[in-house]
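This report describes side-chain contacts in one protein structure. Please look at the sequence and the model first.

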Amino acid sequence: MEVAAALAAALVPSWSAMVVLFSYLGYLAVAGAILPGKLVPGAVLPDSSRLHYRCNGLLSLLLLLGLSALGVYMGWMSPTVIADRGIELLSATFIFSVIVTSLLYYSGLRSHHKSSSLKPLVSGSFIQDWWLGVQLNPHFMGVDLKWDIIAERLGFMLVFGDLVFIPFTFTIQGWWLLRNKVELSLLAAMVNCFIFVIGYLVFRGANKQKHVFKKNPKALIWGKPPKLVGGKLLASGYWGIARHCNYLGDILLALSFSLPCGTSSVIPYFYPTYLFILLIWRERRDEARCSEKYKEIWVEYCKLVPWRIFPYVY
């Protein structure tokens with residue numbers, strides 16, 4: 001009963017948790033608007049317009065780390081400010097996501113804009129529109145509230161996912177290590193680092209090869225001319241090993257983040273397990289979409305590259 005009472009009390013967001021949350025969100029808004037960065041165009045929208053985004057995320061992160069270190073050094077904040085308020089921050093962020101989603105829904109309904117970004121798209125179902133959103137790229141005081149996620153409107157699905165689900169579930173490993181003592185052997189640590197490096201190389205390398213190929217279909221892949229299927233599909237480099245090799249890298253990276261937690265519990269392995277299921281489901285959707293789009297070219301590509309994600313396994 002005492003544990004339940006303590007948990008219930010922690011679920012009530014404190015003023016300090018609200019200050020931490022709004023300070024962080026306010027910093028993101030200000031830093032994203034004023035820090036220098038390359039201005040890049042987003043996806044072409046249905047009305048042929050394009051939003052532009054300032055790529056200053058890395059600089060914003062480094063500055064935040066520097067300001068946090070200064071705050072700790074000067075005694076303005078505790079170095080464990082997040083860890084001390086984990087449950088409170090979870091509760092505060094969830095409540096905030098519900099309020100923001102509701103405001104987005106009602107403001108979107110009243111919008112009279114005709115642009116693809118702000119034009120309200122209403123299905124007539126409150127649950128569907130609240131969950132999926134009404135506007136594609138809503139703004140607040142000149143701040144674009146959604147990064148370039150092409151098709152999805154900004155509703156509870158994205159707000160909750162980006163503010164609550166991903167930050168608080170993908171970091172379970174860290175919370176676990178704060179409360180559980182785990183000792184790894186040197187060999188286990190080296191294996192973990194190896195998995196991380198391989199995962200990063202595969203994930204980054206596969207996506208870079210695809211990006212380079214789209215810009216210049218004749219660019220060399222691993223020092224050789226690219227092999228194409230039907231003149232459209234890349235079958236060289238990582239894309240000649242598996243049809244969704246970038247997903248393999250993503251899974252390996254996620255696994256490397258959980259392995260330091262040891263094997264005493266499955267809880268720290270939520271992230272790689274969830275990601276594995278998600279990417280298998282996404283791969284199936286990708287396969288169906290590519291099969292419909294490329295038809296016989298896709299059939300030929302599948303024969304040339306039979307493995308979906310895991311070479312010689314799947």
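The sections below cover aromatic rings, cysteines and salt bridges.

## Basis of the report

The model is predicted, so local features need pLDDT of at least 70 and side-chain atom pairs count only at pLDDT 80 or more, while totals for chains, interfaces and linings use all residues. Residues are numbered from 1 along each chain as its sequence is written, and side-chain values use heavy atoms, with hydrogens and water left out.

## Aromatic pairs

A pair of aromatic rings is described by the distance of the centres and the angle of the planes. Here, rings of Phe, Tyr and Trp (its six-membered ring) pair if their centres lie within 6.5 Å; planes under 30 degrees apart count as stacked, over 60 as edge-to-face and the rest as tilted. The structure contains 20 aromatic pairs. One of them joins phenylalanine 165 and tyrosine 274: the ring centres are 5.1 Å apart and the planes stand at 65°, so this pair is edge-to-face. Phenylalanine 165 belongs to helix α6 (residues 156-169) and tyrosine 274 to helix α10 (residues 270-294), so the pair ties together parts 109 residues apart in sequence. Helices are DSSP runs (H or I, at least four residues), numbered from the N terminus.

Relative accessible area sorts residues into buried (under 20%), exposed (over 50%) and partly exposed (in between), using a 1.4 Å probe and protein chains only. Phenylalanine 165 is partly exposed at 22%, and tyrosine 274 is partly exposed at 28%. Tyrosine 274 also pairs with phenylalanine 170, with ring centres 5.8 Å apart and planes at 55°, so that pair is tilted. Phenylalanine 170 is in the loop between α6 and α7 (172-179), and this contact with helix α10 links parts of the chain 104 residues apart. One aromatic cluster is formed by Phe165, Phe170, Phe196, Phe257, Phe270, Tyr271 and Tyr274.

## A charge over a ring

A charge sits over a ring if NZ of Lys or CZ of Arg is within 6 Å of the ring centre and within 35 degrees of the ring normal. The charged end of arginine 285 is placed this way over the ring of tryptophan 281, 4.2 Å from its centre.

## Cysteines

A disulfide is a pair of cysteine sulfur atoms within 2.5 Å, and the structure holds zero disulfides. For cysteine 245, the nearest cysteine sulfur is that of cysteine 302, 15 Å away. Cysteine 245 is buried, at 2% relative accessibility.

Cysteine 261 has its closest cysteine sulfur in cysteine 193, at 14 Å, which is too far for a bond. Cysteine 261 is also buried, with a relative accessible area of 2%.

## Salt bridges

Side chains of opposite charge can pair when their charged atoms come close. A salt bridge is a side-chain nitrogen of Lys or Arg within 4 Å of a carboxyl oxygen of Asp or Glu, and the count comes to five. Among them is the bridge between aspartate 286 and arginine 289, whose closest N and O atoms are 2.8 Å apart. Both residues lie in helix α10, three residues apart, about one turn of the helix. Aspartate 286 is buried, with a relative accessible area of 10%. Elsewhere, bridges that share partners join Glu283, Arg284 and Arg308 into one network.

In that network, glutamate 283 meets arginine 284 at 3.9 Å (N to O) and arginine 308 at 2.5 Å (N to O). The second of these bridges links glutamate 283 in helix α10 to arginine 308 in the segment after α11 (296-304), 25 residues apart. Glutamate 283 is buried at 0% relative accessibility, whereas arginine 284 is partly exposed at 43% and arginine 308 is partly exposed at 21%.

Conventions: Helix = DSSP H or I, 4+ residues; strand = E, 2+ residues; numbered from the N terminus.
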